[in-house]
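Hi everyone, thanks for coming. Please have a look at the structure on the screen, and I'll talk you through a few parts of it.

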Amino acid sequence: MTINELKIAFLGVSHWHVPLYFPGIPEHTITAMSDPDTEMAQKLAEPFGCRVYADWKTLLDQEEVDFVFAFAPHNEMKDLALELIKRKIPFSIEKPMGMSEQEVCEIAEAAEKADAFCAVPFVWRYSDTVAKLKESILNSKIIHMSYRFIAGPPSRYLVSSPWMLSEKTAGGGCMTNLGVHFLDMALYLTDSDRASVLASSYQYNKEYDIEIYGSSLLQMSNGASLVLETGYAYPMDEESKRENRWCIVTENGYYTLAENCLEAREYGKDVVRIPMSTDSDVYYPIFARTSLEDYVNGRTPRASIREMRTVRHILDEMNGAAKKIN
């Protein structure tokens, strides 16, 4: 079977990431979609001419599906993932995959027993930006990293995913939604298998019980330090959706990435400026197509439940450290 022959379903299509996946999906392969908001689902399904269901279980009962792209409120992710594993359907599922490390571990154990295929969209692993950094640009040991990713205000989720603004259904705010990408990237770039949380501080407002701004200090298992800053605080406009700034310090250089340009400063060399994308949105179709190709060719996904479990453990520690001081 090739990816062009797959019957693909999208579950939970009111999630804001869903349209980013579509350019990576082979033509005529999407056969069904589901979402409790059937009006929104119908609009998304119309260009594909596929069937729409209000309930994902009904879709799975009535459709023959070869691969699923799964989206859901975080408090429903565990049940969704376990059902897909039970039905032996290969799938991709959004992070954080559950409300806690314990839930992710339950999914991981079930997936291991069933030898299930599950990809997680830690999309920076699928980017040429991170590939170039790891393979050719960062030529000495990383000793410090700083990542700042500030997205638009929390009110933007009221349009399609209001559950994102409640701890009961989302489990957390900007760190759960945004920070996990950079935790995974820090582990990947430093070849670390764990990280220790040294400090974490979250900021809240009166309207929502999830953090709208967070900062954490960690130490990777390779010895590098990491400062991670995320927030729902960026006043968006038509040209600019977010702020994304990286700083990586190595034994031999200092590298900054912002506004699609990497500036590399290495001892004894001229400053080099290299065009590089800082827009993570462009990597979702690459993730989608690569995941399908990995599945049909019997390859393990670049980011799987194993990576998600490691990141979820760190995130739980960060959340716990922040709660102690709030």
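I'll go through two sheets, and then one residue. Please keep in mind that this is a predicted model.

Let's begin with the sheet of six strands. This sheet is open, its pairing is parallel, and its strands come in the order S3-S2-S1-S4-S5-S6. Which strands stand at the edges? They are S3, residues 51–53, and S6, residues 118–119. Each has a single partner strand, so one side of each has no neighbour in the sheet.

Now let's follow one pair. Strand S2 covers residues 30–34, and three bridges join it to S3, with the two running parallel. If you find Ser-34, you'll see Tyr-53 of S3 standing opposite.

There is a helix to look for here too. Helix H9, residues 284–296, lies across strands S1, S4, S5 and S6. The angle between H9 and S4 is about 145 degrees.

On to the other sheet. This one is open as well, with eight strands in the order S8-S9-S10-S7-S11-S12-S13-S14, and its pairing is mixed. Here the edge strands are S8, residues 195–203, and S14, residues 272–275; each has a single partner strand, so one side of each is left without a neighbour in the sheet. From one strand to the next, the twist averages 10 degrees.

Let's pick a pair here as well. How many bridges join S7 to S11? There are eight, between residues 142–151 of S7 and residues 243–250 of S11, and these strands run antiparallel. As an example, Met-145 has Ile-248 in S11 as its bridge partner.

Helices meet this sheet too. Helix H8, residues 174–190, lies across S7, S8, S9, S10 and S11, running at about 155 degrees to S10. Helix H10, residues 305–325, packs on the sheet and touches S8, S9 and S10, and its direction makes about 50 degrees with that of S8.

Finally, let's zoom in on Asn-244, which lies in strand S11. Is Asn-244 buried or exposed? Its relative accessible area is 6%, and the cut-off for buried is under 20%, so Asn-244 counts as buried.

What does the side chain of Asn-244 make a polar contact with? One partner is the side chain of Trp-246, at 2.7 Å. In addition, a polar atom of the Asn-244 side chain lies 2.9 Å from the backbone oxygen of Thr-278. Leaving aside residues up to four places away in sequence, Asn-244 touches several others, including Trp-124, Arg-148, Phe-182 and Glu-259.

That's my tour, so thanks for listening!

Definitions and conventions: Residues numbered from 1 in each chain as written. Predicted model: local features only at pLDDT ≥ 70, side-chain atom pairs only at ≥ 80, totals over all residues. Heavy atoms only, no water. Pairing = 2+ DSSP bridges. Helix = DSSP H or I, 4+ residues; strand = E, 2+ residues; numbered from the N terminus. Contact = heavy atoms within 4.5 Å. Axes fitted to C-alpha atoms, helices over the stretch in contact; angles between N-to-C directions. Buried < 20%, exposed > 50% of the residue type's maximum accessible area, 1.4 Å probe, protein only. Polar contact = N/O pair within 3.5 Å; in protein donor to acceptor, adjacent residues only side chain to side chain.
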